[in-house]
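Good morning, everyone, and thank you for making time for this. I would like to walk through one chain slowly, so please keep the picture in view while I talk.

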Amino acid sequence: MNAPAATTREVVLVTGISGSGKSVALHALEDAGFYCVDNLPPELLPEFLRLENARTDRAVRRIAIAVDVRSAGSLPNLLPLLSQLIGAGVVVRAIFLDASTGELVRRFSETRRRHPLSKDAPGDEVDQHRALTEAIELERELLAELRQAATVIDTSELRPTQLRAWVRQLVQAPTGGGLTLVFESFAFKHGVPLDADFVFDVRVLPNPHYVPELRPFSGRDLVVIEYLMQQPEVGEMLGQIETFLARWLPAFEQDQRAYLTVAIGCTGGQHRSVYFAEQLAQRFHGRGAVLVRHRELDAR
């Protein structure tokens, strides 16, 4: 099947585990001006884009397509189709939404929704929980290759407003074809982000939380920045992380990775990890697109 001519300049593919927030992401893209289509079977994607390119009534639209396990039989065809689109000059951004199994079970239980792959289970709550967990793990297996080819967002600890902001941030990033670096701060007490490619633990460093006058501030505030800059071990670790990333970034670029997420964690996700994410973003600013996320700070 031939790919369409490259009239459509940009396609955002939204996929991921059921219950991870695809509807929220699509609404964010729609608000950002994208024409969104939910649950389009992959084999219809080339024909859909051909019809879109044939429109003469309006300017070319940015397109967002949601594909998930409801089209399980067609998923093996999706990655080859995306490769064809890229070869035809279309900018394809694939976003994969994920969440911990425990959080997904909680969401399905609260909304009483049925998982697309779930089978009828006895009325016993334990059996229903087991059946739902098995359906989620099966879905992970079916989508594993697609996850590897996409930018992953872990929504386990995200509010809908955060997810909308992060999706808009991703689609607004430059599309020069190089590697986009994402620096994300987080709190270990809320779990390590599932979307992290590298995780650095800065909990061994002096904690501004224990300085009463610094506690209300964050790692973006000048008083905390000055405090951390005065700690020799902070500068030492920051330099070592920078050196490590600078050494290995070319390898990831040669591997044609589109995104690399570097997660920095501390105890509360407010001071040290935020400072490190901001500082690293500044130091790598000249190496292409750089994004900064603060999972706990942005949730305030």
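**A walk through the chain**

Let me begin with Glu 52, which has its place in helix α2. Please bear in mind throughout that what we are looking at is a predicted model. Is Glu 52 buried or exposed? Its relative accessible area is 7%, and because buried means under 20%, Glu 52 counts as buried. If we set Glu 52 beside Gly 239, the two are 187 residues apart in sequence, and their C-alpha atoms are 49 Å apart in space.

Just before that helix there is another residue to look at, Asn 39, which is found in the loop between β2 (35-38) and α2 (45-53). Asn 39 is partly exposed, with a relative accessible area of 25%. Its phi is near 60°, which is a positive value in a residue other than glycine. For background, most residues other than glycine have a negative phi.

Let us now step back to the whole chain, which has 10 helices and 9 strands. Its radius of gyration is 21 Å, close to the 19 Å that the globule rule gives for 300 residues, so the chain is as compact as a globular protein of that length. Along its principal axes, the C-alpha trace spans about 60 × 55 × 35 Å. Buried residues make up 49% of the 300 residues, and, among contacts between residues at least 6 apart in sequence, 82% join residues at least 24 apart.

What lies inside? The largest nonpolar core has 30 residues, and those with the most contacts inside it are Phe 183, Leu 245, Val 262, Ile 264 and Phe 276. The elements that give two or more residues to this core include the strands β6 (180-187), β7 (198-201) and β8 (259-266), and also the helices α8 (222-229), α9 (232-254) and α10 (272-283). Of these, α9 gives the most, with 7 residues.

To see this core from one residue, take Ile 264: leaving aside its neighbours within four places in sequence, Ile 264 is in contact with a list of residues that includes Phe 183, Phe 186, Phe 200, Val 202, Phe 276 and Leu 280. There is also a second, separate core of 29 residues, and Ile 17, Val 90, Leu 132 and Leu 143 are among its members.

Finally, the outside: the accessible surface comes to about 14,800 Å², of which 51% belongs to carbon and sulfur atoms. As for charge, the mean positions of the 33 positive and 38 negative charges are 3 Å apart.

Note on methods:
Residues are numbered from 1 along each chain as its sequence is written. This is a predicted model: local features need pLDDT of at least 70, side-chain atom pairs count only at pLDDT 80 or more; totals for chains, interfaces and linings use all residues. Side-chain values use heavy atoms; hydrogens and water are left out. A nonpolar core is a set of buried Ala, Val, Leu, Ile, Met, Phe, Trp, Tyr and Cys residues joined through side-chain atoms within 4.5 Å. Buried means under 20% relative accessible area, exposed over 50%, partly exposed in between (1.4 Å probe, protein chains only). Helices (H or I, at least four residues) and strands (E, at least two) are DSSP runs, numbered from the N terminus. Contact means heavy atoms within 4.5 Å. The radius of gyration is taken over C-alpha atoms; the globule rule is 2.2 Å times the number of residues to the power 0.38. Accessible areas come from the Shrake-Rupley method with a 1.4 Å probe; for residues, only the protein chains shown count as cover. Lys and Arg count as positive and Asp and Glu as negative; His and the chain ends are not counted. The place of a charge is taken as NZ of Lys, CZ of Arg, CG of Asp or CD of Glu.
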